[in-house]
Structures are given as structure tokens and as C-alpha cells.
Amino acid sequence: MKKQTKEKALAPLLLLAYLSLASSQISYADSDPVEINNEGLNLLNAGHSAEAAAKFSKAIELKPNDPLFESNYGYALLRSGKLEEAMSHLKKSLELNPNFDLAWLNLGVAYQQKGEKQSAVNALERYLKLAANDAQSQRIRASLDLMKKELRNSPVDNARDDYLASITANTKSRWQEMPIKVFIDDGSKLEGYKSEYLDLLKSAFNEWQAASGGAVSYKFVDKSEPADIKVDWTRDKSKIVSVAEGGDTSYELDSKGIKAAHIQLLLLDPLPQKLSPQLMSWITLHEIGHATGLLGHSPDPGDVMYMNARITDDFAHLSERDKATIRKFYTENLGKDWLALNDEGIEAAKAGDYALALSKYQEAMKASPKDSEIPRKNAIRSQYAWAVKLIKSGDLKTPEEHFKAALRLELEKRDENMPLLIKSYANYLRMLQREKEASALEQKYH
Ligand SMILES: [Zn+2]
């Protein structure tokens, strides 16, 4: 039996907010609403959302009922943190022109910011229909897939002041030894890199450490070996699992906890928005949260561990719920992880205690249904090995229930063990002179 101890799990990382501004800048005379709109766009690009919002508002005053101005105004308000107002202008824009693609995109982003994923999905799908060949489509499609995946997950009952339940529904793997050694690769030769990003990265580590109340600590080391968490900068999108993600954390887990994590930070602009220090502050905090063991997402848009970056001009900081969650994650008894239970099952099976092994695999499947494939395979093998052991010992009656149980598990998800199982089960039936049943079995599952 091969021991399955290593899993490379991929955190569904962040979606960089793909924001949209109408980028065609037409030049007109001063005090023309179009000119004022363009001034607003320039202010937005420079990160002055409140001033930009004032410009768009002025443009609307001069020329009411313009869907573009309404959409830009809505977006500037979104960036200023005025979500409700933003949404009403985006909706107004769509009333004026129901096929205005950019307004659907901005509205989708606004719904994401509000935590209304289903509405966000609907709006973004509408956008994709209208702008199918847009350069951003691939990124948006990927982010849609991620949101739909989160929508499919069964809802988790979180406490009011933390989202520990959402996290532990994914995994309970923690780092076992502190301090966690962190190696940060040099990104200074890469286009788009800013030394400010390194400062933000380091302070993000410090912020998590402080939030944990001493339960988590990091130590920066000069060499990549032996480091626990490695951080790279990259401009290579192919290194990032999903194009929806502006960063990526992959990790190795074993039955004891997290063994290694690798953070990659993408130095490309999340079109058409510029990658800014503000956005980088959110990305680094978010990825470090994943690398420290928070492998899921918070359902609350106010938390750094929410699936989408906040679209504001402010620097990101951990919320009280982020802080409470990391503290609890490292100080509370979380129960056993599926990997640990699976390992206990393997040990019991090795010792020939199949009953114990099966109960451990059962628990492992329950602890994390989405990771049930490995414990299920192990359970099939244990049922089969148990049947064989009984036959060898001269018991010809009891093995049948184990063959049946193995078959039930196989039918939940057929794997490569199926042919051997059917062959053995049929041979067993023939041994009992039950030829008809044996052939029926072979025919049914051949
Ligand atoms: Zn994430």
C-alpha cells in the first residue's frame, strides 16, 4: 500500500479586480463634459478617486443621462469606498443603456465587493456576452469559475467574530514549528518591481505575526534552503495557476501539518488598472494568510481573506476578524485533519487491524469530503485485503460482506482497482459454486 502523504493543494487565490474605465479619451474644449470626464479618468489612474468622482458628477450635471459618465462615476465611487451610491449609478447607467458592457463589468465588481457572489456572476456573465473578445475576457472567465466554485461549496456557519469554520472546512493543517523560516527572492531585476513592494511584503508578515498574538512567528533567512515559505516575484503568467489570480500560493501538506509553501507574486498590471502599492499591500497580506495555513476564504468582503481585492485607494490591513481567525486557528484544538486520520488508517491496516483502519478512513472522508478520494481508495483496499485474509484463514462466509462493501465504495467513484476487485469477487463466488452470480457480476462491471 502506497502511503499517501503529500498533497499539493492550490489555494484559489485572489482575483485581481479587473476594473474598467472607458479608456478612449477624446479631446474637447474646456468645460466640455467629455473633457471633464477625461480629467476624471486621469485622476482615477493617479489614485485620486474622490476627486475623480467630483469630476464625473460635474460631467453628469452638464450632460445628464449619459451612460458612460454614470458608469465612470459609479466606478469612482466604488474606489472611494461608497458602495451603495456606486451601485445606484451603475444601475442608472444600465437603465440608460442595458447593453453597455463596461457598466456590467463595473456592476459585477461592485457585487463582488459587496459579497453578493451570485449577482456578481450574473453581471459578469452579461458582460462576457456583450464583450466576448475583450482582452480581459480570459481573466474574467477564470474569476467567474472561481466564484461559481465558491458558490457550489456548501454554506458554512461562521461565528460572528471570525471565519474559522470556513477555513477549517478546507483543512486544519498548521505549521508545527515556529519561527517559520521565510526566504524572499530578489525581484529587483524584474520589470514592474518596486522596492516598496518588498517593504510591504515584510510588513505584511509582521502584521500577521502581531495578529496571532505570538502563536505564529516568522524569521527572514538569506538562503532558499532550508526555508519553509519561499516568496518569488514573477512576470510569467504561466506560473500562476489561474489567470484570474494575481498571485499564487502552493503548498505541501503531510499528516502532521504544512511542510512547505511557495508564494508567487505577479508583477503585471491587472488590466486596465495599474498594479499599485495599495493593491500589493492586499495581495501580500492575502497570500501570506494562505501560506500560514488559512487555505480558504472569508465570506465577508471586509476581510483580507475575502476572495477579491478591495477596490479602494487605501492600503489594506487585517480586519479584526482576520486577526481573531489566525489566533484561533493556531490556539484552538481543531480536531484531526483528514491526512492524519488517513495515516492512522494506513498504520492500522499494516498491523492487520482492518476494522480500525476502515473506521479511520471513514472519519477521514467525513473530515474533508472534497479530499475523500485517497481515504476511499485505501478503504477499498482494506476491505479487499480483509476478505482475502479471511479466505486464507478458511472463513468462506464473511468475505462476501467485505467484497460488497468494497464494491459499494468503487461504485461511488470507480478507480483502477475495479477490475481486480471484480475478478477476485467472481473467483470467490465460483469457489462457493455460485457460477451464475459470478458471471452476472463480471458482465455487469466488465
Ligand atoms: Zn485567496
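## The nonpolar core

Let's start in the middle: the largest nonpolar core has 109 residues, and the members that touch the most others are F56, A76, W104, L107, A110, V182 and I229. Helix α5, which covers residues 101-114, is the top contributor to this core, giving eight residues. Keep in mind as you look around that this is a predicted model. The general background is handy here: in soluble globular proteins, nonpolar side chains tend to be buried together.

L107 is a good residue to click on. Once you set aside residues up to four places away in sequence, L107 touches M87, L90, L94 and A123. Hold on to M87, L90 and L94, because they turn up again among the buried residues of helix α4.

## Y73, a buried tyrosine

Next, find Y73 in helix α3, which runs over residues 67-79. Is Y73 buried or exposed? Count the other C-beta atoms within 10 Å of its own: there are 28, and the cut-off for buried is 20 or more, so Y73 is buried.

Which residues does Y73 meet, apart from its neighbours within four places in sequence? The contacts are A53, F56, S57, I60 and H89. Take S57 as an example: Y73 and S57 are 16 residues apart along the chain, yet 6.5 Å separates their C-alpha atoms. F56, another contact of Y73, is also one of the core members that touch the most others.

## Helix α4 and its buried side

Helix α4 takes up residues 83-96, and you can check its length yourself. At 1.5 Å a residue, its 14 residues should span 20 Å, and the C-alpha atoms at the two ends are indeed 20 Å apart, so the numbers agree.

Now look at which way the residues of α4 face. The buried ones are A86, M87, H89, L90, S93 and L94. They sit on the same side of α4, because the arc they cover around the axis is only 165°. Here is a useful rule for reading that pattern: an α-helix has 3.6 residues a turn, so residues three or four places apart point the same way. What do the buried residues of α4 pack against? Their partners are α3 and α5. You have already met two of these contacts: H89 with Y73, and L90 with L107.

## Strands side by side

Time for the strands, beginning with β2 (180-184). This strand has two faces: I180, V182 and I184 are on the covered one, while K181 and F183 are on the uncovered one. β2 pairs with β3 in the parallel sense through four bridges, and V182 has F220 in β3 as its bridge partner. Together with helix α9 (residues 195-211), β2 and β3 build a right-handed β-α-β unit. β2 also runs parallel to β4, joined by three bridges, with I184 standing opposite V231.

From β4 (residues 229-234) you can step across to β6 (residues 257-266): the two run parallel and share six bridges. Look for T234, which stands opposite L266 in β6. How do β5 (residues 247-254) and β6 pair, parallel or antiparallel? They are antiparallel, with eight bridges, and Y251 faces A261 across the pair. β5 and β6 make a hairpin, with two residues between the strands.

## Odd spots in the backbone

Two prolines deserve a look. The peptide bond between M178 and P179 is cis, with omega about -5°, and P179 lies in the loop between α8 and β2. Another cis bond links E225 to P226, where omega is near -5°. P226 is in the loop between β3 and β4.

Then there are two residues with a positive phi even though they are not glycines. In N65, phi is about 60°; in Q433, phi is about 65°. Where do they sit? N65 is in the loop between α2 and α3, and Q433 is in the loop between α16 and α17. N65 has 12 C-beta neighbours inside 10 Å, so N65 counts as exposed. Q433 is exposed too, with 9 other C-beta atoms within 10 Å.

Note on methods
Residues are numbered from 1 along each chain as its sequence is written. This is a predicted model: local features need pLDDT of at least 70, side-chain atom pairs count only at pLDDT 80 or more; totals for chains, interfaces and linings use all residues. A nonpolar core is a set of buried Ala, Val, Leu, Ile, Met, Phe, Trp, Tyr and Cys residues joined through C-beta atoms within 7 Å. Two residues are in contact if their C-beta atoms, placed from the backbone, lie within 7 Å. The expected span of a helix is 1.5 Å times one less than its number of residues. The arc is that of the directions from the helix axis to the C-beta atoms. Two strands pair if DSSP finds at least two bridges between them. A crossover is right-handed if, with the strands pointing away from the viewer, the path from the first strand over the helix to the second runs clockwise.
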